[in-house]
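Reader: I would like a close look at one kind of contact, the salt bridges, and at the strands around them. Please take the pairs in turn and say where each partner sits.

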Amino acid sequence: MPAGLTAELAGYDGMAQVYGAEAEVAADGTYTFPDVEIVPGRAFIVSVNYQGFTFNSDVFHNLGDPLSNPIELPVTVYDTTTDISALRVDRLHVFFDFTNPDAIQVAELFLLNNTGSKVISGEAPGQPVVYFELPEGATNLQFQSGAVGGRFIMTEKGFADTQPVPPGSGSQILFAYDLPLSRRTTVRIPINLPVDAAIVMIPQGSMTLQSSQLQPMGQRQIQGVTLDLFSTTDLQAGSTLEMTLSGRMSSPINLQTGQTGALIAGALALVLVAGGGVYWYVRVQKLAPAVESNAPAESESRETLMDAIIALDDLYKSGQLSEETYQQRRAELKERLRAMLD
């Protein structure tokens with residue numbers, strides 16, 4: 001890490017920040033925070049601002065065990081680039097909902113992977129980083145996080161995301177929109193980035209999906225809703241994912257309260273094994289309308305935290321998380337839930 005930067009240490013009890021300190025980064029790239037009180041249940045994180053971007057350490061959560069060595073919270077910083085050639089999509093998830101009898105609601109979740117060694121950013125803070133094109137006729141654009149005029153910028157054919165993409169996987173973007181519904185509707189989804197694999201989900205008993213690009217993967221039941229799954233691989237940037245929906249719903253779709261609108265929420269990842277590969281299905285919940293707003297984001301709910309704990313348990317049982325990471329993250333979630341219930 002370059003010398004002369006400032007490292008900031010923050011301590012949290014539940015959701016509230018209760019501690020803060022700053023330290024200058026030395027010539028050898030190290031920083032030290034002396035005489036920090038380690039309180040059981042308190043979580044700590046270090047952040048560094050570099051070239052206009054904030055980089056964070058992992059979170060340390062004190063579970064009450066005695067400490068024999070100093071706590072190490074390293075932060076990796078990266079240079080930036082506007083070149084998006086190293087950016088691709090590990091997984092694209094498309095979900096169709098027919099709750100509204102007059103429209104198809106389509107949710108798209110992109111799990112991004114920056115395969116380079118630099119943060120991909122815009123020409124300046126707040127400038128477009130990645131462009132997304134919407135199908136012709138799309139209306140009522142909504143986002144999981146952010147809003148038009150904030151993180152997102154409307155363009156002639158869709159929108160642009162201004163959030164920088166750090167190296168590695170883990171970045172995601174989730175949005176939804178409406179398309180006109182008829183007895184036979186062709187949906188053409190523009191592909192702006194190379195996609196390694198795509199999975200399309202449609203509630204069973206709704207409409208029939210046909211596509212020369214997609215292979216059927218059978219059915220899965222998620223959150224009480226049976227879904228027909230379809231998949232494809234190796235979609236090239238500049239191509240189109242095309243499918244036709246036809247027929248009438250043979251039975252009503254039984255979406256639970258809180259699932260109305262059938263929008264996928266990227267916060268909760270449930271492992272779904274299909275066709276020999278591991279796919280991520282994310283829970284259905286309502287997204288924020290794409291309108292300009294300076295209002296703060298809605299705070300997390302008890303249900304969200306409980307769902308996150310369940311998902312974490314599933315990931316650990318399937319071998320996707322180490323024991324240390326699992327215990328640490330579970331304790332953090334339980335502490336936040338306890339603080340909410342107090």
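Author: A search of the whole structure, which is a predicted model, finds 4 salt bridges. Among them is the pair formed by Arg 42 and Asp 13, whose side chains meet with 2.9 Å from N to O. Arg 42 belongs to the loop between strand 2 (16-24) and strand 3 (43-50), whereas Asp 13 belongs to strand 1 (residues 6-13), so this salt bridge ties together parts that are 29 residues apart in sequence. The two partners can also be described by their accessibility: Arg 42, at 12% relative accessibility, counts as buried, because the cut-off for buried is under 20%, while Asp 13, at 29%, counts as partly exposed.

The strands around this pair deserve a description of their own. Strand 1, which holds Asp 13, pairs with strand 2 in the antiparallel sense over 8 bridges, and within that pairing Gly 11 stands opposite Tyr 19 of strand 2. The hairpin of strand 1 and strand 2 has 2 residues between the strands, and in this hairpin Gly 14 takes a positive phi near 65°. Strand 1 also pairs with strand 3, again in the antiparallel sense, here over 6 bridges, and the bridge partner of Tyr 12 in strand 3 is Ala 43. As a general point, the side chains of a regular strand alternate between the two faces of the sheet.

Another of the salt bridges joins Arg 88 to Asp 196, with the closest N and O atoms 2.7 Å apart. Arg 88 lies in strand 7 (residues 87-97) and Asp 196 in strand 16 (residues 195-203), so the contact ties together parts of the chain that are 108 residues apart in sequence. Arg 88 counts as partly exposed at 28% relative accessibility, and Asp 196 is likewise partly exposed, with a relative accessible area of 24%.

A further salt bridge is made by the side chains of Arg 188 and Glu 242, at 3.4 Å from N to O. Here Arg 188 is found in strand 15 (residues 184-190) and Glu 242 in strand 20 (residues 240-246), so the pair ties together parts that are 54 residues apart in sequence. For Arg 188 the relative accessibility is 46%, which counts as partly exposed, because exposed requires over 50%; Glu 242, with a relative accessible area of 35%, is partly exposed too.

Key
Residues are numbered from 1 along each chain as its sequence is written. This is a predicted model: local features need pLDDT of at least 70, side-chain atom pairs count only at pLDDT 80 or more; totals for chains, interfaces and linings use all residues. Side-chain values use heavy atoms; hydrogens and water are left out. Helices (H or I, at least four residues) and strands (E, at least two) are DSSP runs, numbered from the N terminus. Buried means under 20% relative accessible area, exposed over 50%, partly exposed in between (1.4 Å probe, protein chains only). Two strands pair if DSSP finds at least two bridges between them.
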